[in-house]
Amino acid sequence: MSTFQHIKGTFDILPDAYTIGDTRIAASHEWRHVETVLHEVMTRHNLEEIRTPMLEPTELVARGVGEHTDIVSKEMFAFERRGTHYVLRPEITAPVTRAFLEHHLEQRGGVQKLFYIGPCFRAEQPQKGRYRQFHQFGVEIIGASDPRADAETIATMIAVYRAFGLTGARLRINTLGEPEHRAAFRDALVDYLTPYKDELSETSQRRLDTNPLRILDTKVEHERALLNDAPTLLDHVDAEALAHYDAVKQLLKSLDIAFEEDPMLVRGLDYYSHTAFELEHDALGAQSALAGGGRYDGLAPALGHDGPLPACGFAAGMERLFLALDAIDYDYPAPETPRVFFAALGEDAEAWVFKTVHDLRQQGIHAAHDLKGRSLKAQMREANRQDAPYTVIIGGNELADGSAQVKTMATGEQTAVSFDDLADYLSTPPAA
Ligand code: AMP
């Protein structure tokens, strides 16, 4: 009988790293390490964690991300149950904004600086760096229209990759101006491209009708050439929006954060205004985006909030971060091993070990033993595999003496320790 397999585009995170094709899937302790570093970076940037459900109302995502985006039109894992429409969240900005509005987080006072880490779901064609269940971490700074909020968002994003010693990432930025500037630009772009419609790819032809700004993302060579002479967003942005953009650039310079201006950068999601940015790394191959984000003052109103709610943020892919760390041969800390492994000879010893291991664990000591009732040799093999710095063999003599020989594996040295003193003795690792 055949057994089950994981769903294409998802993957298991196991105690050991493994590979699928040429992609290394990091071990669970490596994920935990990365998450710990992320928490540390977020906390020192004075961000607080928010966790929202993986299930959201489909309408939230449709409105919050935009009907004509690829995410909503093609990539949602959505279903209906008893008249309610659910979606597995494809991103976390709309959910965080929903939670912010629902719980009136503005009442906490000041600017809300939030971060998240969690799974997202998109029905994309899986490939290296692109999955159907992937993980995003990100930041949302809600309640500040000041350009410093935009610059601080970007600085926090950069700080994450610096914390891992990753260099060589490229930051591209642009301004999208206000929605009316984008609308004027969209019209100008459609006017410019329409005479060339027959030369456009099928995708771009469709986008010309539904979401023309996405054509700027095209990778098709002759379309890129065509776009060289196209009107740019910057030509349609007013003085106030330009001033905001200039301020963000100045602030980035004041922090020594290098960036390239990219007038073609629009981002896929509908709700952005003003600052848009993307962080890329060449080591990632085709899926080069590590992270992206921008200002999204229009999102809360799109979700029914009365009046504007200035906000900006970034979202980053965990799997892309792991790929980038692979490229620099990142040195993950070794996983925690048991402090001590107990081997037992005979039934009485097994019973004693079982109870003692439990007691030591209650006292905070990471203790291990064998649950298979195997030979001493097999137990010692297991002790080796588990790599505990101390091992203890318990048999009839030890039980009679009330004392154990604790072996320090690195030196082979044995020390007699009375049962009463075991917890004390094992509470510190052997001297290096
Ligand atoms: P987006 O919300 O599309 O801007 O995505 C933000 C970040 O999430 C991207 O820069 C990627 O690092 C990551 N990402 C987006 N979609 C996927 C996916 N299908 N698989 C893996 N990572 C993704």
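# Sheets, domains and a ligand shell

Modeller: Let's start with one residue pair: opposite Val340 stands Ala367, in strand 15. Strands are DSSP runs (E, at least two residues), numbered from the N terminus. The model is predicted, so to speak with care: local features need pLDDT of at least 70, side-chain atom pairs count only at pLDDT 80 or more, and totals for chains, interfaces and linings use all residues. Residues are numbered from 1 along each chain as its sequence is written, and side-chain values use heavy atoms, with hydrogens and water left out.

Colleague: How many bridges join strand 14 to strand 15, and do they run parallel or antiparallel?

Modeller: Two strands pair if DSSP finds at least two bridges between them. Here strand 14 (residues 340–344) and strand 15 run parallel, joined by three bridges.

Colleague: What is the strand order of the open sheet of five strands?

Modeller: The order is 15-14-16-17-18, and the pairing is mixed. Strand 15 (367–369) and strand 18 (414–418) are the edges, each pairing on one side only. For the twist, axes are lines fitted to C-alpha atoms, and angles run from 0 to 180 degrees between N-to-C directions. Ignoring direction, neighbouring strands in this sheet are turned by 30° against each other on average.

Colleague: And what order does the open sheet of three strands have?

Modeller: That one reads 4-6-5, with antiparallel pairing. Its edge strands, strand 4 (55–57) and strand 5 (77–81), each pair on one side only. From one strand to the next, the twist averages 35°. Strand 4 and strand 6 (residues 84–88) run antiparallel and share three bridges; Pro57 has Tyr86 in strand 6 as its bridge partner.

Colleague: How far apart do the C-alpha centres of domain 1 and domain 2 lie?

Modeller: Domain bounds come from an automatic or database domain assignment. Domain 1 covers 18–178 + 237–327, and domain 2 covers 340–426. Their C-alpha centres are 49 Å apart.

Colleague: Now the ligand. Which residues around the ligand come nearest?

Modeller: A residue is near a molecule if one of its heavy atoms lies within 4 Å of it. There are 15 around the ligand, with Arg122, Glu124, Tyr131, Arg267 and Leu290 coming nearest. Strand 8 (133–142), strand 12 (289–295) and strand 13 (311–317) each supply at least two residues of that shell.

Colleague: Which atom of Leu290 lies 3.0 Å from an oxygen atom of the ligand?

Modeller: For Leu290, a backbone N or O atom sits at that 3.0 Å. Gly317 also uses a polar backbone atom, 3.1 Å from a ligand oxygen, whereas Gln136 places a polar side-chain atom 3.1 Å from a ligand oxygen. Of the 480 Å² that the ligand exposes when taken alone, the protein buries 91% (Shrake-Rupley method, 1.4 Å probe).

Notes. A polar contact is a pair of N or O atoms within 3.5 Å; within protein, one must be able to donate a hydrogen and the other to accept it, and residues adjacent in sequence count only if both atoms are side-chain atoms. Helices (H or I, at least four residues) and strands (E, at least two) are DSSP runs, numbered from the N terminus.
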